[in-house]
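Dear colleague,

I am passing on the structure we spoke about, with my notes on what I found in it set out underneath. Please read them with the model open beside you.

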Amino acid sequence: MPIEIRQFPCLADNYGYLVRDAASGLVAAIDTPDAGAVNAALAREGWRLDFIFNTHWHPDHASGNLALKRKWHCRIIAPEGEADKIPGVDQKTQDGDRLALGETTARVIATPGHTLGHVIYYFESDGAAFVGDTIFALGCGRLFEGTPEQMWRSLSAIAALPAQTKLYCAHEYTEANARFALAIDPANAALQARAAEIGRLRAQGAPTVPTDVAAERAANPFLRAGDPGLQARIGMAGADPVAVFAEIRKRKDRF
Ligand code: ZN
Ligand code: FE
């Protein structure tokens with residue numbers, strides 16, 4: 001039986017997510033940007049909260065943990081590498097773990113870069129990955145703690161998931177990301193089409209998330225650091241993709 005996913009805006013530009021295992025009725029919140037918004041989403045569905053799965057320690061991902069735990073007595077699962085910075089953790093998790101949500105399994109994949117302990121939760125049988133601040137539609141997280149090499153490896157692991165895998169990113173940054181992507185990769189026809197679609201969606205106030213692996217492989221400049229055309233365009237033909245990725249990330253930071 002499949003999972004049901006609910007997505008709702010939180011704070012300025014975060015998304016909150018609820019995942020419900022249809023067979024058992026167990027519910028997990030992926031991150032807790034805002035306890036009030038999570039509770040409102042639960043109330044709309046008539047669901048209760050059994051688990052919190054945190055992707056990383058930043059307050060816009062974990063600040064609702066304690067209030068939700070007080071109300072629901074839910075079990076909080078967080079990455080081992082930064083569990084000491086995440087409120088209320090009951091269980092530490094790490095790369096390769098398989099977490100049961102009723103009859104559904106989430107695979108934990110370590111994606112260091114944005115933070116050193118960052119993990120994503122991959123529901124393989126449903127083709128859904130909750131990617132926190134590692135990858136965004138047409139973008140990626142800032143390198144606050146990790147190296148370009150770590151982040152490149154983390155993004156490559158996401159890019160290697162099956163093409164139709166849906167990527168549930170933690171922020172709606174897509175319009176700004178599209179502007180940067182077009183500036184650095186203007187000849188990319190897939191990107192041009194995607195940017196037009198994004199403009200239409202945002203004009204209607206609609207989310208551009210989730211995205212999927214195929215769309216990001218085709219148009220996300222941070223996944224295209226190995227592309228000869230993009231490398232030539234930024235004056236780095238034949239360079240190591242890690243160096244190209246680092247340069248693209250640096251340009252985005254200044255954009
Ligand atoms: Zn973050
Ligand atoms: Fe964030």
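Along the sequence, the donor residues of the iron ion (ligand 2) follow the spacing D-H-x71-D-x37-H. Please keep in mind throughout that this is a predicted model. The protein donors in question are Asp 60 (OD), His 61 (NE2), Asp 133 (OD) and His 171 (NE2), which lie 2.1 to 2.3 Å from the iron ion (ligand 2). The angles that these four donor atoms subtend run from 84 to 166°, and the arrangement is therefore classed as irregular. Of these donors, His 61 is buried, its relative accessible area being 1%, and Asp 133 is buried as well, at 4% relative accessibility.

The second metal is a zinc ion (ligand 1), whose coordination comes from His 56 (NE2), His 58 (ND1), His 114 (NE2) and Asp 133 (OD), at 2.2 to 2.3 Å. Its donor residues are spaced H-x1-H-x55-H-x18-D in the sequence, and the site is again described as irregular, with angles of 85 to 172° among its four donor atoms.

Which residue coordinates both metals? It is Asp 133, which bridges the iron ion (ligand 2) and the zinc ion (ligand 1) across a separation of 3.2 Å. Distant parts of the chain are linked in this way, since His 58 sits in the loop between β4 (51–53) and α2 (59–62), while Asp 133 belongs to the loop between β10 (128–132) and β11 (135–136), 75 residues apart. His 58 counts as buried because its relative accessible area, 11%, is under the 20% limit.

The strand β10 also takes part in an open sheet of six strands, ordered β7-β8-β9-β10-β13-β14, in which the pairing is mixed. At the edges of this sheet are β7 (98–101) and β14 (211–212), each of which pairs on one side only. Between β10 and β13 (residues 166–169) the pairing is parallel and extends over four bridges, and there Gly 132 stands opposite Cys 169 in β13.

As for the cysteines, how many disulfides are there? The count comes to zero. Cys 74 is in no disulfide, the nearest cysteine sulfur being that of Cys 10, 15 Å away, and Cys 74 is itself buried, with a relative accessible area of 2%. The sulfur of Cys 140 cannot be counted in a bond either, because the closest cysteine sulfur, in Cys 169, is 11 Å away, whereas the cut-off for a disulfide is 2.5 Å. Cys 140 is likewise buried, at a relative accessible area of 6%.

Turning to the interior, the largest nonpolar core contains 49 residues, and those with the most contacts inside it are Phe 53, Phe 123, Phe 130, Val 131, Leu 155, Phe 245 and Ile 248. If neighbours within four places in sequence are left aside, Phe 53 is in contact with Ala 28, Ala 29, Ile 30, Asp 31, Ile 77, Leu 99, Ala 106, Tyr 121 and Phe 123. Another core lies apart from this one and has 17 residues, among them Cys 10, Leu 18, Ile 52 and Leu 68.

With best regards

How values were computed:
Residues are numbered from 1 along each chain as its sequence is written. Chains are lettered from A and ligands numbered from 1 in the order in which they are written. This is a predicted model: local features need pLDDT of at least 70, side-chain atom pairs count only at pLDDT 80 or more; totals for chains, interfaces and linings use all residues. Side-chain values use heavy atoms; hydrogens and water are left out. Donors are N, O and S atoms within 2.8 Å of the metal (3.2 Å for Na, K and Ca); water is not among the atoms, so sites may look incomplete. Four donors count as tetrahedral if all angles lie between 85 and 135 degrees; four count as square planar and six as octahedral if opposite donors are over 155 degrees apart and all others between 65 and 115; anything else is irregular. Helices (H or I, at least four residues) and strands (E, at least two) are DSSP runs, numbered from the N terminus. Buried means under 20% relative accessible area, exposed over 50%, partly exposed in between (1.4 Å probe, protein chains only). Two strands pair if DSSP finds at least two bridges between them. A nonpolar core is a set of buried Ala, Val, Leu, Ile, Met, Phe, Trp, Tyr and Cys residues joined through side-chain atoms within 4.5 Å. Contact means heavy atoms within 4.5 Å.
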